[in-house]
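Hi,

Here is the structure I said I would pass on, with the sequence alongside. Have a look first, and then read on for what turned up.

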Amino acid sequence: MSAAELLKNGDLVGMPTETVYGLAACCFNEAAVAKIFTMKGRPARDPLIVHISSLTQLGSVAEVSAQHKIILDRLKNFWPGPLTLILPKKNTVPDIVTAGLKTVAVRMPNHPIALKLIEFSGPLAAPSANISTKVSPTTAEHVQDEFGEKLKIILDGGSSDIGLESTILDISNVNKPRILRPGGVTLEEISKIIPEVAEESYFKNSSDIQESPGQMIEHYCPNTPIVYLNSYQRSEAKNIGLITLSDYPDLNLKVKVHKKLSQNASLSEAAHNLFACMRELDKMSLDVILIEALPRQGIGRAIMDRLDRATARFKGKL
Ligand code: TXA
Ligand code: MG
């Protein structure tokens, strides 16, 4: 059976996108969407992103006012692309998709396989294809590692270009656009078009969780303890893995494996390699992974958002 047929039958499909791989279900099929939550171990209060392949499909999932259309028109260069927009939801979208919220997250992925699949099967609800709180997948093999035989089809679209999830921009209230998650489109790029998007408007503490229920503090966690290099206090660990942006001055530390995210300190190359690198080191039975904190600018904001969450569990403990 083809991937599109499986989706129409209420099954799930592993789908490549330019950001990370998604675990897709037909967004209008409640039972199929419920399988996503079960397979990922995802809390029901964490809403999903609906993926579309054309602006015509947008009208089938979101209520788009004339004012929204003006904003959409200004953002048109980012669609298809790594930008998710929060808009008022259409009643046709089951509550399970949006965790009961009156808004829906929508994205048009910039990947030929994803676009073709959605064109055939209609809008697809898809979170990142990883077990809840774990590292997002950027290759078909990563998805296979997560779910194995449970998933009948994983479409292999190569390694995801960007390597980090989309930026989430809430424009449901046209007077107060806000970035809820930094991602593939940078704050700098968005503020050129929508200046009122406040710097660092996305939140960092758990008291804000209700606003975007999925933004848990502990997320993107490998099984191996991971901490920032500059906060590492101890030295007794035997098997240390080190991840740095590029070359790094000699440390007074015995390191078992050292990975550089980029040859020439490029933040976008680092974003592309980050999750794959974390997964690779996680398989090496290390005692600890130390990771260099990167500049919080451009795509570096999204990288650091993920790393702040990945390192939250062992903050101050190692
Ligand atoms: O790049 C991406 O966005 C990837 C690919 C597969 O498209 N998807 C992705 O999905 O990252 P996921 O489920 O891992 O993260 C989506 C986040 C959720 O954590 C949730 O907080 C937020 O989107 N979200 C979804 N619907 C929302 C809504 N109505 N209001 C606020 N936040 C919402
Ligand atoms: Mg995710």
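To start with one residue: is D145 buried, partly exposed or exposed? D145 is partly exposed, with a relative accessible area of 41%. (Buried means under 20% relative accessible area, exposed means over 50%, and partly exposed is what lies in between, using a 1.4 Å probe and protein chains only.)

Some housekeeping before the rest. This is a predicted model, where local features need pLDDT of at least 70 and side-chain atom pairs count only at pLDDT 80 or more, while totals for chains, interfaces and linings use all residues. Residues are numbered from 1 along each chain as its sequence is written, chains are lettered from A and ligands numbered from 1 in the order in which they are written, and side-chain values use heavy atoms, with hydrogens and water left out.

Salt bridges

A search of the whole structure finds 17 salt bridges. (That term covers a side-chain nitrogen of Lys or Arg within 4 Å of a carboxyl oxygen of Asp or Glu.) D145 takes part in one of them with K283, and their closest N and O atoms are 3.2 Å apart. D145 lies in helix 7 (residues 140–147), whereas K283 sits in the loop between helix 9 (267–282) and strand 13 (288–291), so the pair ties together parts that are 138 residues apart in sequence. K283 counts as exposed, at 61% relative accessibility. (Helices, H or I with at least four residues, and strands, E with at least two, are DSSP runs numbered from the N terminus.)

Helix 9 also supplies E280, which forms a salt bridge with K259 in strand 12 (residues 257–260). The closest N and O atoms of this pair are 3.0 Å apart, and the two residues are 21 apart in the chain. Both ends are partly exposed: E280 at 38% relative accessibility and K259 with a relative accessible area of 27%. Elsewhere, salt bridges that share partners join E165, D305, R306 and R309 into one network.

Helix 6

Which residues of helix 6 are buried? In this helix, residues 112–121, they are A114, L115, L117, I118 and S121. Seen down the helix axis, these buried residues fall within an arc of 165°, so they line one face of helix 6. (The arc is that of the directions from the helix axis to the C-beta atoms.) The cover over them includes helix 1 (3–8), strand 1 (13–15), strand 3 (49–51), helix 3 (55–61) and strand 6 (124–125). (Cover here goes by contact, meaning heavy atoms within 4.5 Å.)

The face turned away from the buried side carries the exposed residues P112, E119 and F120. E119 also has a salt bridge within helix 6, to K116 (3.6 Å, N to O). E119 and K116 are 3 residues apart, about one turn of the helix. An α-helix has 3.6 residues a turn, so residues three or four places apart point the same way. K116 is partly exposed, at a relative accessible area of 44%. After helix 6 comes G122, which has a positive phi, near 85°.

The sheet

There is an open sheet of 9 strands in the order 7-1-2-6-3-5-4-8-9, and its pairing is mixed. (Two strands pair if DSSP finds at least two bridges between them.) Strand 7 (153–154) and strand 9 (178–181) stand at the edges with a single partner strand each, so one side of each has no neighbour in the sheet.

Strand 4 (residues 83–88) runs parallel to strand 8 (residues 167–170), joined by 4 bridges, and antiparallel to strand 5 (residues 103–107), joined by 5 bridges. L85 has L169 as its bridge partner in strand 8 and stands opposite V106 in strand 5. I86 stands opposite D170 in strand 8. In strand 4, 5 of the 6 residues are buried, so the strand is largely enclosed by the rest of the structure.

Cysteines

The structure holds 0 disulfides. (A disulfide here is a pair of cysteine sulfur atoms within 2.5 Å.) Why is C277 without such a bond? Its sulfur is 16 Å from the closest cysteine sulfur, in C221, which is too far for a bond. Both residues are buried: C221 has a relative accessible area of 3%, and C277 has one of 6%.

Cheers

Technical notes. Disulfide = S-S within 2.5 Å.
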